[in-house]
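Hi,

Here is the structure I said I'd pass on. Have a look at it first, and then read on for my notes on what turned up.

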Amino acid sequence: MATILKIDASARVTRSLSRGLTTAFTQQWLKSRPNDTVITRDVGLNPPPVVSEAWIAAAFTAPEKRAPEQIEVLKISDQLIDELEAAAVIVIGTPMYNYGMPASLKAWIDQVIRIGRTFSFDLARGEQPIEPILIGKTLVILSASGEGGFKLGGANAAINHLDPHIVVASRLFGVSKHHVIRIEYQEFGDDRHQKSIQSAYGAIPDLVQQITQKIKD
């Protein structure tokens, strides 16, 4: 059996396009693999705390030397990383806020990318001292935006700081392959938006089939 980690980052609930996509994706997945496990983490409604000076000090202290208060400050990070470690596939549903990711999703990323847990740091490696500890995970980004043209080669690709940022950061929590499905032009509400919705939902079954064929039980 495989474990899927589903992360929803939208501040909206009933009107969220990205939440609709994550629901459709996980439902399609469970149709194909009903015995798999889906872990749900809603950072949109329950944002993780942002990284603090105390968090940094605790993370860079050897586990056996951490004081009780340092263990406590890393408690949420440990829980989020445990969920991440268990997952073969990470599904992130997120809106684009101001051409980037919501603060709640950035907080989750900062909590799970942690020295000694998800990456190692060694200056002996030269100019590339950071290496991921976790490997082989697949990331699916299901996004929604008010404007459009954000895919590679699109008119607004240069100002898309959402999925490129997530993809780069995800290497440090074990992602080796990623996929992106977008709904665009929400604020326009025109034919382009409707076609984008249809295209996004239409792409989900094929993507699920593509990924499940490579999952090893």
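Let's start with Thr26, which sits in helix α1, the stretch covering residues 17–32. Keep in mind throughout that this is a predicted model. Is Thr26 buried or exposed? Its relative accessible area is 8%, so Thr26 is buried. A polar atom of the Thr26 side chain lies 2.9 Å from the backbone oxygen of Thr22. If you set aside the neighbours within four places in sequence, Thr26 is in contact with Lys6 and Val38.

Next, the salt bridges. How many does a search of the whole structure find? The count is 12, and I'll walk you through a few.

One of them joins the side chains of Arg33 and Asp36, with N to O at 2.4 Å. Both ends are buried: Arg33 has a relative accessible area of 13%, and Asp36 has one of 9%.

Another brings together the side chains of Asp78 and Arg117, at 3.0 Å from N to O. This pair links distant parts of the chain, 39 residues apart, with Asp78 in helix α4 and Arg117 in the loop between α5 and β4 (119–121). Asp78 is partly exposed, with a relative accessible area of 23%, whereas Arg117 counts as buried at 18% relative accessibility. The cut-off for buried is under 20%, so Arg117 at 18% falls on the buried side.

A third salt bridge pairs Arg182 with Asp163, and their closest N and O atoms are 2.7 Å apart. Where do the two partners lie? Arg182 is in strand β7 (residues 175–183) and Asp163 is in helix α6 (residues 163–170), so this pair ties together parts that are 19 residues apart in sequence.

Some of the salt bridges share partners, and in that way Asp78, Asp82, Glu85, Arg114 and Arg117 are joined into one network. You've met two of its members already, Asp78 and Arg117.

Asp163 deserves a bit more time. At 7% relative accessibility, Asp163 counts as buried. Which residues does Asp163 touch, not counting those up to four places away in sequence? They are Ile141, Val180 and Arg182. With Arg182 there is a polar contact between the two side chains, at 2.7 Å. If you want a distance to check in your viewer, the C-alpha atoms of Asp163 and Lys151 are separated by 9.4 Å, with the two residues 12 apart along the chain.

Now for a pair of helices. Have a look at α4 (residues 75–86) and α5 (residues 103–112): they pack at an angle of about 85°, and their axes are 8 Å apart. The two helices are therefore roughly perpendicular to each other. On the α4 side the contact is made by Ser77, Leu80, Ile81 and Leu84, and on the α5 side by Trp108, Gln111 and Val112. What kinds of residues are these? They divide into 5 nonpolar, 2 polar and no charged.

Then there's a backbone detail to look at in the loop between β3 (89–95) and α5, where you'll find Asn98. Most residues other than glycine have a negative phi. Asn98 is not a glycine, yet it has a positive phi of about 55°. Tyr99 lies in that loop between β3 and α5 too, and Tyr99 also has a positive phi, about 70°, although it is not a glycine. As for their surroundings, Asn98 is exposed, with a relative accessible area of 75%, while Tyr99 counts as partly exposed at 32% relative accessibility.

Last stop: Thr138, in strand β6 (residues 137–144). Thr138 counts as buried, at 14% relative accessibility. Leaving out residues up to four places away in sequence, what does Thr138 touch? The list is Ala88, Val89, Ile90, Lys177, His179 and Ile211.

If you're wondering where to begin in the viewer, I'd suggest Asp163, since you can go from that residue to its salt bridge with Arg182 and then to its other contacts, Ile141 and Val180. After that, try the contact between α4 and α5, starting from Trp108 of α5 or Leu80 of α4.

Happy to talk it over whenever suits you.

Cheers

Definitions and conventions
Residues are numbered from 1 along each chain as its sequence is written. This is a predicted model: local features need pLDDT of at least 70, side-chain atom pairs count only at pLDDT 80 or more; totals for chains, interfaces and linings use all residues. Side-chain values use heavy atoms; hydrogens and water are left out. Axes are lines fitted to C-alpha atoms, for helices over the stretch in contact, and angles run from 0 to 180 degrees between N-to-C directions. Helices (H or I, at least four residues) and strands (E, at least two) are DSSP runs, numbered from the N terminus. Angles under 35 degrees count as roughly parallel, over 145 as roughly antiparallel, 65 to 115 as roughly perpendicular and the rest as oblique. Contact means heavy atoms within 4.5 Å. Ala, Val, Leu, Ile, Met, Phe, Trp, Tyr, Cys and Pro count as nonpolar, Asp, Glu, Lys and Arg as charged, and the others, Gly among them, as polar. A salt bridge is a side-chain nitrogen of Lys or Arg within 4 Å of a carboxyl oxygen of Asp or Glu. Buried means under 20% relative accessible area, exposed over 50%, partly exposed in between (1.4 Å probe, protein chains only). A polar contact is a pair of N or O atoms within 3.5 Å; within protein, one must be able to donate a hydrogen and the other to accept it, and residues adjacent in sequence count only if both atoms are side-chain atoms.
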